Amino acid sequence: MEPGRANGGWRSATPRDSHSLDQLCSEGFGLSEGQSFFDDFPIWDIRRPIDGRLIEVMDGPKGSQILSQLGSVRRTSLTEPDPLTLVGAVVTRSSVQGRGLARSGLDHLLRKTEAQGARSWLLWTGDDRLYRSMGFKAFGSQWRTTITKISGNPPSGQQRVRRGWSPDFTAFLAKRTRGLQMSEAESGMLRNLKNVDWWSLRSPGEQLIAVAGIGKGIDLGGILHDWHGSEAALRTLFVEIARELPETTLLYGSPLFAEYPWLKQLKPEFEDPLCYWRGEPPSRPDELWFWGCDSC
Ligand SMILES: CC(C)(COP(=O)(O)OP(=O)(O)OC[C@H]1O[C@@H](n2cnc3c(N)ncnc32)[C@H](O)[C@@H]1OP(=O)(O)O)[C@@H](O)C(=O)NCCC(=O)NCCS
């Protein structure tokens, strides 16, 4: 066997690969000049230390440059002891696509993480051909409803609607009881999401009472994917968003009914799989939810 070929040519990326990885991902996901994939997915940025994350790459024939492929895995948990392995940022340079590199990379990642104890893997995709052939199956449901269908009162008295990120969002959103349990480093990344259109509602005393995030750049365009607040505050915020951005759709699912019972009254207009799943099903599938930024 050739030296360095023990893993089929795959090696773990280092911070020295960051420029090549940025280029590879930004090109692979069709971003325009000047945009970076890591603005929408800072979690996969090799320069940011994240416990348990793996980024595996295969070098091209010229050795030093990454010419071919990136595969990534990060570990997180829904509720202990249900560790999940998230797969993302799978990309092959266009000049070498169709030669089995993505399949080989995924196979390598699945084996490597299985050897480390992983028993379930999940990902999001708009094209499931590769993943279905590797044992991933559509799992659960997520629904969307146009935001203009949601009624609510306009802001009262001194309540203020604001647009843009504010540092107190991180702690406010962390109060939600559903969604992945993120490490501090991961939830701290919310502020690094450069392309989310954040909205908030504050009480007369400037207390945060509702937060909502729309879009994520290349992902979740026009979709309100992260929110928190009381029913009345959220309804007020959604009515304000609907006035400005009437095409927006609200993303939700039945695992959120326990925390936001009023969502049951909405009529889903679009339904998609919650994710693609491989391996042991979760012990509490009815609790499984991912906020849009969980996949960051
Ligand atoms: C998807 C992608 C990674 C496939 O890479 P690749 O190295 O060409 O893939 P492989 O040669 O290993 O092919 C494996 C399977 O992928 C499937 N496939 C091909 N193009 C695909 C695509 N755009 N999306 C999903 N699956 C695809 C094929 O069914 C193929 O199976 P087959 O060999 O039985 O025909 C590559 O097209 C890419 O980088 N696309 C842009 C980034 C992207 O969309 N990534 C996926 C995000 S979820």
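This note goes through a predicted model point by point.

1. **Confidence.** The model is predicted, and its average pLDDT is 88. A pLDDT of at least 70 is reached by 90% of the residues. Residues 1-5 are a weak spot: their pLDDT stays under 50. For this stretch the model has one contact beyond four places in sequence. Where pLDDT is low, the predicted coordinates should not be read in detail.

2. **Overall build.** Count the elements and you get seven helices and twelve strands. The radius of gyration is 20 Å, and the globule rule gives 19 Å for 296 residues, so the chain is as compact as a globular protein of that length. The C-alpha trace spans about 75 × 40 × 30 Å along its principal axes.

3. **Packing.** How much of the chain is buried? Buried residues are 39% of the 296. Now take the contacts with a separation of 6 or more: 70% of them join residues 24 or more positions apart.

4. **Two domains.** Domain 1 covers 10-118, and domain 2 covers 142-274. Their C-alpha centres are 29 Å apart. The two domains touch, with twelve residues from domain 1 and 15 residues from domain 2 taking part. On the domain 1 side, α2 (37-40) and β3 (69-77) each give at least two residues. That side of domain 1 has six nonpolar, three polar and three charged residues.

5. **The ligand shell.** Which residues come nearest to the ligand? They are Thr92, Gln97, Ala102, Arg103 and Leu130, out of 17 residues around the ligand. At least two shell residues come from each of β4, α3 (101-115) and α4 (129-132). Sorted by class, the shell holds six nonpolar, seven polar and four charged residues.

6. **Ala89.** This residue deserves a look at its backbone. Phi of Ala89 is positive, near 55°, and Ala89 is not a glycine. Ala89 sits in strand β4, residues 83-92. Is Ala89 buried or exposed? Ala89 counts as buried because 22 C-beta neighbours lie inside 10 Å, and the cut-off for buried is 20 or more.

7. **Leu220.** Here is another non-glycine residue with positive phi, near 60°. Leu220 lies in the loop between β9 (208-214) and β10 (223-229). Leu220 is buried, because 22 other C-beta atoms lie within 10 Å of its own.

8. **Helix α1.** Helix α1 runs over residues 18-28. Its buried residues are Ser20, Leu21, Leu24, Cys25 and Ser26. An α-helix has 3.6 residues a turn, so residues three or four places apart point the same way. Check the buried positions against that rule in the 3D view. After α1 comes Gly30, with a positive phi near 70°.

9. **Lys137.** Lys137 is in strand β6, residues 137-146. Why does Lys137 count as partly exposed? Lys137 has 13 C-beta neighbours inside 10 Å, and a residue is exposed at 12 or fewer and buried at 20 or more, so Lys137 falls in between. Which residues does Lys137 touch, leaving out those up to four places away in sequence? Lys137 touches Tyr276 and Trp277. Phe257 is 120 residues from Lys137 along the chain, and their C-alpha atoms are separated by 24 Å.

Notes:
Residues are numbered from 1 along each chain as its sequence is written. This is a predicted model: local features need pLDDT of at least 70, side-chain atom pairs count only at pLDDT 80 or more; totals for chains, interfaces and linings use all residues. Domain bounds come from an automatic or database domain assignment. Two residues are in contact if their C-beta atoms, placed from the backbone, lie within 7 Å. Helices (H or I, at least four residues) and strands (E, at least two) are DSSP runs, numbered from the N terminus. Ala, Val, Leu, Ile, Met, Phe, Trp, Tyr, Cys and Pro count as nonpolar, Asp, Glu, Lys and Arg as charged, and the others, Gly among them, as polar. The radius of gyration is taken over C-alpha atoms; the globule rule is 2.2 Å times the number of residues to the power 0.38. A residue is near a molecule or strand if its C-beta atom, placed from the backbone, lies within 6 Å of it. pLDDT is the predictor's confidence in each residue, from 0 to 100.
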